[in-house]
Amino acid sequence: MLEKALSGSKRYWIWVTLLLAVIAVGLFAYMNQFNNGLGVTGMSRDVSWGLYIAQFTFLVGVAASAVMLVLPYYLHDFKKFGKMVILGEFLAIPAVIMCILFIFVDLGQPMRIMNVILHPSPRSVMFYDMIVLCGYLLINLVVGWTTLGAERKGAPSPKWVKPIIYLSIPWAVSIHTVTAFLYAGLPGRHLWLSAIMAARFLASAFAAGPAILILLCFIVKRVSKFDPDPGVGAIQSLVKIVRYAMIANVFFYILELFTAFYSNIPEYSAPLKYIFFGLDGHTSLVPIMWTATALAFLGIALLVFPTRKNGATLTIGLLSIIIANWIDKGMILIVAGFVPNSFERVIEYAPTLNEILVTLGVYAIGALLITILYKVAISVREEKAS
């Protein structure tokens, strides 16, 4: 079926060429980092995780979001999601690949990633993270490609696929839970030392991930003849999931704020003071955090009121939720976790141009994979409809 990705309109090839150009720039930036070390990034001894790990954390949630379609469709026979399930599965595949790539580029010596494979330790959370990420990637590849192939032939999916589909549901939850444990299990980082870190991760995942999928459905409907939601209300059903997940995400965050400030534990409240009000004169993240806060409430408001049925306001609401989650769960959560350092000092972090170019390159790889997979899926659906 991959041959279907080798044909397309002029707009399609312009888009593919643009992505290949961005990938080439990102590869050049990564080679500069590989040759000169992580000194070309904004990371330091005090802030050892930055833009790369922030993207990894955010994209794990995007990958896990496919379960919000798989669970209702396969377990509860919710037929509205019938045409969107394959798009969700094909979104999860590039998301997981980008997660792996961001871990790869974050390593000064990328071959060190082999230590997890050559010297596995059941006491290492990173070991389990590798298992769940690689397993989830394989599950979505097998399920997505097999079901699409069967649909192309006009035959039912093989019976052996069904248990794998059911396995993908708890597996999707596990990839984000284990990632949350990477942070919550570090006692020296007070911002991450939270019993509800995994719950926060899942809530944000089930808000931002489906929001991205809805926007992709809008794009698919605009550039092709395939309609993922031909008047059956699938998108509005998915909007409900986004709405309630985002409300839960905000509620969990309020719980964190109450615990930190009402208890007045200095170590716990210091990182939150830093991102909301500044600490020791350092305020670089304050406007960014308040922007995320405003966008989170704006997104919820636009999805709660009847404006959610309007295409323009729905798009604004979804974008607001995506950006708010990207800021909070990505940059803010990672960077603020290192503030203050072990000497009670604030060392601020800002990504360098080299980091940004590498990040854009990885995102371009993900966008290219989504383009190819969606092109195949849409071509099969259009072929079947004709």
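**Exercise 1.** In this predicted model, which residues line the largest cavity, and which helices each supply at least two of them?

*Solution.* Start with the residue list. The largest cavity is lined by Leu191, Arg200, Tyr253, Glu256, Tyr268, Leu272, Ile275, Asp328, Ile332 and Leu333. Next, turn to the helices: at least two lining residues come from each of α9 (234–263), α10 (266–276) and α12 (311–336). You can check this by placing numbers in ranges: Tyr253 and Glu256 are in the lining, and α9 spans 234–263.

**Exercise 2.** How many nonpolar, polar and charged residues does that lining have, and how much space lies in the largest cavity?

*Solution.* Sort the lining by class. Seven residues are nonpolar, none is polar and three are charged. Among the charged ones is Arg200, since Arg counts as charged. As for the space, the largest cavity holds about 70 Å³.

**Exercise 3.** Now try the second largest cavity: what lines it, and which helix gives the most to its lining?

*Solution.* First, gather the residues: Ala66, Val67, Val70, Glu89, Tyr136, Ile139, Asn140, Val143, Ser168 and Ile169. Then look at the helices. α3 (67–75), α6 (125–152) and α7 (161–184) each bring at least two residues to this lining, and α6 gives the most, with four. By class, the lining has seven nonpolar, two polar and one charged residues. About 50 Å³ of space lies inside this second largest cavity.

**Exercise 4.** How many cavities of 30 Å³ or more does a search of the whole structure find?

*Solution.* The search finds three cavities at that cut-off.

Notes
Residues are numbered from 1 along each chain as its sequence is written. This is a predicted model: local features need pLDDT of at least 70, side-chain atom pairs count only at pLDDT 80 or more; totals for chains, interfaces and linings use all residues. Side-chain values use heavy atoms; hydrogens and water are left out. On a 1 Å grid over the protein atoms alone, a cavity is a set of points where a 1.4 Å probe fits but cannot get out, and a pocket is an open set with protein on both sides within 12 Å along at least five of seven lines; lining residues have an atom within 4 Å of a point. Grid points are joined across faces, edges and corners, and a volume is the space filled by probe spheres set on the points.
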